[in-house]
Amino acid sequence: MEIFIGVAIVGLLIALIFLPIVYFTRRSSDIRLLGDDMEVRYPMREKVITLNQELKSWNVQEANFLWIGKVYSINLELESGKWHHVNTRFNRDTFEKIYTYLESTYSDRRKKDMK
């Protein structure tokens, strides 16, 4: 009986440590541009967006934060009505690659930038 209680307590402590980590990292992602496909890898799943078929429009947004400075974000509106965002806070190199690709290939789908 004591072993069961000990295992339950250890399991509960591991869950208390693991769940906040999953919650706070669920939005962090690794984004790769593979030709016309944009691969987004989250900690628990992976999503592939085919830009030629799924991209409805896109724009660039600028935000000023006191503690971070200027942050730019590419907002992608998909045909399904969902939005996907790539910002310079965590993905600066990827942001530049995606921006260059969208500007050269899909400049006709660009909407007015938001500030």
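Let me start at the surface of this predicted model, where Met-1, Phe-4, Ile-5, Ile-9, Leu-12, Leu-13 and Leu-16 form a nonpolar patch, and together these residues have about 800 Å² of accessible area. If you look for one of them, Leu-16, you will find it in helix 1, which covers residues 2–25. Leu-16 has a relative accessibility of 55%, and because anything over 50% counts as exposed, that is the word we use for Leu-16.

From the helix I would like to move on to the strands, and for those who are new to this, a short reminder may help. Strands of a sheet pair through backbone hydrogen bonds, and the pairing can be either parallel or antiparallel. In this model there is an open sheet of 3 strands, in the order 1-2-3, and the pairing is antiparallel. Which strands stand at the edges of this sheet? They are strand 1, residues 30–34, and strand 3, and since each has a single partner strand, one side of each is left without a neighbour in the sheet. Going from one strand to the next, the twist averages 15 degrees. Helix 3, made of residues 92–105, packs on this sheet and touches strand 1 and strand 2, while its direction makes about 35 degrees with that of strand 1.

Let us look at one pair of strands in the sheet with some care. Strand 2, residues 37–41, and strand 3, residues 46–50, run antiparallel and are joined by 5 bridges. As an example of such a bridge, Val-40 has Lys-47 in strand 3 as its partner. The connection from strand 2 to strand 3 is a hairpin, with 4 residues leading from one to the other.

Charged side chains also meet in this part of the chain. How many salt bridges does the model have? The count comes to 6, and I will show you some of them. Glu-39 and Arg-41 meet through their side chains in a salt bridge, at 3.3 Å from N to O, and Arg-41 forms another one with Glu-46, where the closest N and O atoms are 3.7 Å apart. The surroundings of these residues are worth reading one by one: Glu-39 counts as buried because its relative accessibility is 10%, whereas Arg-41, with a relative accessible area of 32%, is partly exposed, and Glu-46 is partly exposed as well, with 48%.

Elsewhere in the model, Lys-70 and Glu-62 meet in a salt bridge, again through their side chains, with 3.7 Å from N to O. Lys-70 is partly exposed, at a relative accessible area of 47%, and Glu-62 is partly exposed too, at 21%. Coming back to the earlier residues, Glu-39, Arg-41 and Glu-46 are joined into one network by salt bridges that share partners.

There is a second hairpin to point out, formed by strand 4 and strand 5 with 3 residues between them. Strand 4 runs over residues 55–65 and strand 5 over residues 69–78, and these antiparallel strands are joined by 10 bridges. If you want a place to rest your eye, take Ala-63, which stands opposite Val-71 in strand 5.

Val-71 leads us to another residue, Thr-88, which lies in the loop between strand 6, residues 83–87, and helix 3. Is Thr-88 buried or exposed? With a relative accessibility of 5%, Thr-88 counts as buried, because the limit for that word is under 20%. Apart from its neighbours within four places in sequence, Thr-88 is in contact with Lys-70, Val-71, Tyr-72 and Phe-95, and you have already met Lys-70 in the salt bridge with Glu-62.

I will finish with Tyr-99, a residue that lies in helix 3. Tyr-99 counts as partly exposed, because its relative accessibility is 29%. Which residues is Tyr-99 in contact with, leaving aside its neighbours within four places in sequence? They are Trp-58, Val-60, Ile-74 and Arg-110. Finally, Tyr-99 and Val-86 are 13 residues apart in sequence, and their C-alpha atoms are 9.5 Å apart in space.

Definitions and conventions:
Residues are numbered from 1 along each chain as its sequence is written. This is a predicted model: local features need pLDDT of at least 70, side-chain atom pairs count only at pLDDT 80 or more; totals for chains, interfaces and linings use all residues. Side-chain values use heavy atoms; hydrogens and water are left out. Patches are made of residues with over 30% relative accessible area and no salt bridge: like charges are joined within 9 Å, nonpolar side chains (Val, Leu, Ile, Met, Phe, Trp, Tyr) within 5 Å. Accessible areas come from the Shrake-Rupley method with a 1.4 Å probe; for residues, only the protein chains shown count as cover. A salt bridge is a side-chain nitrogen of Lys or Arg within 4 Å of a carboxyl oxygen of Asp or Glu. Helices (H or I, at least four residues) and strands (E, at least two) are DSSP runs, numbered from the N terminus. Buried means under 20% relative accessible area, exposed over 50%, partly exposed in between (1.4 Å probe, protein chains only). Two strands pair if DSSP finds at least two bridges between them. Axes are lines fitted to C-alpha atoms, for helices over the stretch in contact, and angles run from 0 to 180 degrees between N-to-C directions. Contact means heavy atoms within 4.5 Å.
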